[in-house]
Amino acid sequence: MSKIDLSVTIGSLKLRNPVLLASGTVGYGNEMSEFIDLNKIGGIVTKSLSLKPRKGNPPQRIVETPAGMLNAIGLANVGVEVFLIEKIPFLKNYDVPLICNIAASSIEEYVECTKILTCEDTIKAFEINVSCPNVKEGGLQFGNDIHAVGKITEKVKACTNKPVIIKLSPNVSYISEFAKVVKEEGGDAVSAINTLVGTSFNIFTKRPKLHNVTGGLSGPAIKPVALAKVLEIKRLVDIPIIGIGGIMNWKDVVEFMIAGSSAIQIGTANFINPNSADEIIKDLENYCTSYSIEKISELTGSYKI
Amino acid sequence: MFIVKSPVEQTIELENNILVIKVHSPEISSEIKPGQFLNVRVSETYSPLLRRPFSVCDVEGDFIFLMFNVLGEGTKILAQKRKGETIDLLGPLGHGFNLDDDYQTAVIVAGGLGAAPFPYFVKKIPNDKRIISFVGGKTNNEVITYGLKNILISTDDGSLGFKGTVIDLLNENLEILNKGKIKIFSCGPNAMLKAIKEFSIKNNFECEVSIESAMACGFGICQGCPVESTSNKEKYSLVCKDGPVFNVRDIVL
């Protein structure tokens, strides 16, 4: 068992296993630590941080849909300063790579957040959220604008030596075009995918269930879409991919790796079983043993088409 | 907090399609307090996908009780659970009622299924305190008195007890309420809680309410259950972590 090598690399970022916890589903680590040993997982990606604290959207923020959920949280977060002062000390107690997710409403704000955070040693990489569907300014517009994504990548890379991962929107025609621009502008990896835009109505009141009208769809319902997006990027662009979208168990992880992911993120599953990442890692190790896979990284892009 | 798969012991059918499920869960029963809740997963499939919050209804030794009516897929599955089948419980979650404050009489005000947290509350209230229960519903079908004590009933249509809202009934009994120090504990539909807030402030009564919200995780990470706080306009409180029981003066209903 111990011979199995579960480690993977994302650019210069070395992870002990490919299982990360996705932004917005792990808070800043402290609540999750009641249920899971953070030292065992590949890494955690913080809730999106903005320069100033954000209150987020009014309720209702969450709706369950078939095999999925819509959320319109609106990037509620404590802001970078409070994060550094109040949240980082807790995370220092753990030996787990911390990836800071940044959301902003202007290119300048992305740059300023990165500059403030980059000197903190606990932070090992940045994930840039150019694709949140739930805020009016920025967010989705950036995710849809290939020039803006290129510019953000270039400007953020210029102010940090740490790996920069761009989290891409699936709400575009050709996601690979965006991945290509990220690579050209020096980005180290892409996360694919963020949530899909969706909505849901109350048929009696005829009102949308979400206060924000639309939200981001996540959960098993989006897995086939996410896999297709990962595959599209893998086939057309030479850049490490972190696969995300409805991963619930180890089989889903293997599928994402075959499609081209170097690592993956667990999102919605954390809400249902906050210990799922730990269980998945154990199951992945068993899978590798059973199928004589010495290094799990061999799986990445091993599809036969 | 625990995540435990706990076996069902029995499902009790009350009147009006209300069910109470008895579950063997020593981990939870030894820790949970009145007003706290559990986030419950009834099936390993993706339908339903998310857990659903249930306030703890009662505790007896190693057993806990949850009250519900069959509304959607999840409660349908729950209603069909047989003895020995398990449900997946995450909890205890949130803050419960503050029973030990300085008051002489606990005034329970429950609307419909809002009666759910009170049987355990009645059990845990200190011996030196009195209880009066005001129970309301639109019609007699909605009146749930399970596990309550010293009960006064109101229905909007007058099909049972006093005709009017539960707030009207409270107003009818103001004289009793004004004798000695009372504290109101309430759970029910949002419109009722709004009226309870107004009533409590007007009459200068202490009041705690247990509120409901859609939520995904139940322990603070999804940020899905915001409630406006009266003290901090810059930040929402979360129903799951800061509640579900709040001092009624601390939140905007």
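**Notebook: cavities and aromatic contacts**

I began with empty space, and the largest cavity holds about 470 Å³. I note here that the model I am reading is predicted.

**Entry 1, cavities.** I looked up how many cavities reach 30 Å³ or more, and the count is three. Next I went through the walls of the largest cavity: 31 residues line it. Nearest its centre I found A:Ser23, A:Asn71, A:Lys167, A:Asn194 and A:Thr195. I then sorted the lining of the largest cavity by type, and it splits into 17 polar, 12 nonpolar and two charged residues. A:Lys167 is a charged residue by the rule used, and I have it listed among those nearest the centre.

**Entry 2, an aromatic pair in chain A.** I turned to the rings and got 14 aromatic pairs over all chains. One of them joins A:Trp250 and A:Tyr287, with 5.2 Å centre to centre and 40° between the planes, a tilted pair. I checked where the two sit: A:Trp250 is in helix α7 (residues 250-259) and A:Tyr287 in helix α9 (residues 276-290) of chain A, so this pair ties together parts 37 residues apart in sequence. Are the two partners buried or exposed? I find A:Trp250 partly exposed, at 24% relative accessibility, whereas A:Tyr287 is buried at 14%. The cut-off for buried is under 20%, so the two residues fall on opposite sides of it.

**Entry 3, an aromatic pair in chain B.** My next stop was B:Phe97 with B:Phe121, an edge-to-face pair with 85° between the planes and 5.3 Å centre to centre. B:Phe97 belongs to the loop between β6 (86-93) and β7 (105-111), and B:Phe121 to helix α3 (residues 118-124) of chain B, so the pair links parts that are 24 residues apart in sequence. Both residues came out buried: B:Phe97 has a relative accessible area of 7%, and B:Phe121 is at 0% relative accessibility.

**Entry 4, the cluster around it.** I followed these two rings outward and found them in one aromatic cluster with B:Tyr103, B:Phe118 and B:Phe185. Which residue puts its charge over the face of B:Tyr103? I looked, and it is B:Lys129, at 4.2 Å from the ring centre.

**Entry 5, a contact across chains.** Last, I looked up a lysine of chain A over a ring of chain B: A:Lys55 lies over the face of B:Tyr236. I noted 4.6 Å from the ring centre for A:Lys55.

How values were computed: Residues numbered from 1 in each chain as written. Chains lettered and ligands numbered in written order. Predicted model: local features only at pLDDT ≥ 70, side-chain atom pairs only at ≥ 80, totals over all residues. Heavy atoms only, no water. 1 Å grid on protein atoms, 1.4 Å probe; cavity = no way out; pocket = protein on both sides within 12 Å on 5 of 7 lines; lining within 4 Å. Points joined across faces, edges and corners; volume = space filled by probe spheres on them. Phe/Tyr/Trp six-rings, centres within 6.5 Å; stacked < 30°, edge-to-face > 60°. Helix = DSSP H or I, 4+ residues; strand = E, 2+ residues; numbered from the N terminus. Buried < 20%, exposed > 50% of the residue type's maximum accessible area, 1.4 Å probe, protein only. Lys NZ or Arg CZ within 6 Å of the ring centre and 35° of its normal.
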